[in-house]
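Work through the exercises below with the sequence and the structure in view. Try each task before reading its solution.

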Amino acid sequence: MQAQNYPIERWSKDERPREKLRMLGPQGLNNIELIALFIQSGTKSSSAVDLARQVFLAGGNNWAQLSKLSVEDLLQIKGIGEA
């Protein structure tokens, strides 16, 4: 995966989550890339993948724990809003 704060549109196409999904299907993506697809876009300082990494970390890098986070928990992550 590319370096943090490096805009996704500048990544090679075979490393971008949306393109990887099209080429490899969902099984070809890691957990963070799957979350990034739901986030869709980042901020000026963080890509969607960077935000996804923070979201997954907030859930203890565990899907079961992530599912137990409240909206308020997720809103504590800079760049994650109510939408």
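The exercises concern a predicted model and go from the whole chain to a pair of rings.

**Exercise 1.** State how many helices and strands the protein chain has, and give their pattern.

*Solution.* The count gives five helices and zero strands. Reading along the sequence, the pattern is therefore α-α-α-α-α.

**Exercise 2.** Decide what the radius of gyration says about the protein chain.

*Solution.* Begin with the length, which is 83 residues. For that length, a compact globule would have a radius of gyration near 12 Å. The protein chain has 13 Å, which agrees. As for the extent, a box of roughly 35 × 30 × 20 Å along the principal axes holds the C-alpha atoms.

**Exercise 3.** Describe the burial and the surface of the protein chain.

*Solution.* A residue is buried if its relative accessible area is under 20%. Of the 83 residues, 29% are buried. The accessible surface is about 5700 Å², and carbon and sulfur atoms account for 51% of this surface.

**Exercise 4.** Classify the aromatic pair found in the structure, and say whether each partner is buried or partly exposed.

*Solution.* A pair of aromatic rings is described by the distance of the centres and the angle of the planes. The search of the whole structure yields one pair. The partners are F56 and W63, with ring centres 5.3 Å apart and planes at 55°. Planes under 30 degrees apart would be stacked and over 60 edge-to-face, so the pair of F56 and W63 is tilted. F56 has 6% relative accessibility and therefore counts as buried. W63 has 42%, so W63 counts as partly exposed.

Key: Residues are numbered from 1 along each chain as its sequence is written. This is a predicted model: local features need pLDDT of at least 70, side-chain atom pairs count only at pLDDT 80 or more; totals for chains, interfaces and linings use all residues. Side-chain values use heavy atoms; hydrogens and water are left out. Helices (H or I, at least four residues) and strands (E, at least two) are DSSP runs, numbered from the N terminus. The radius of gyration is taken over C-alpha atoms; the globule rule is 2.2 Å times the number of residues to the power 0.38. Buried means under 20% relative accessible area, exposed over 50%, partly exposed in between (1.4 Å probe, protein chains only). Accessible areas come from the Shrake-Rupley method with a 1.4 Å probe; for residues, only the protein chains shown count as cover. Rings of Phe, Tyr and Trp (its six-membered ring) pair if their centres lie within 6.5 Å; planes under 30 degrees apart count as stacked, over 60 as edge-to-face and the rest as tilted.
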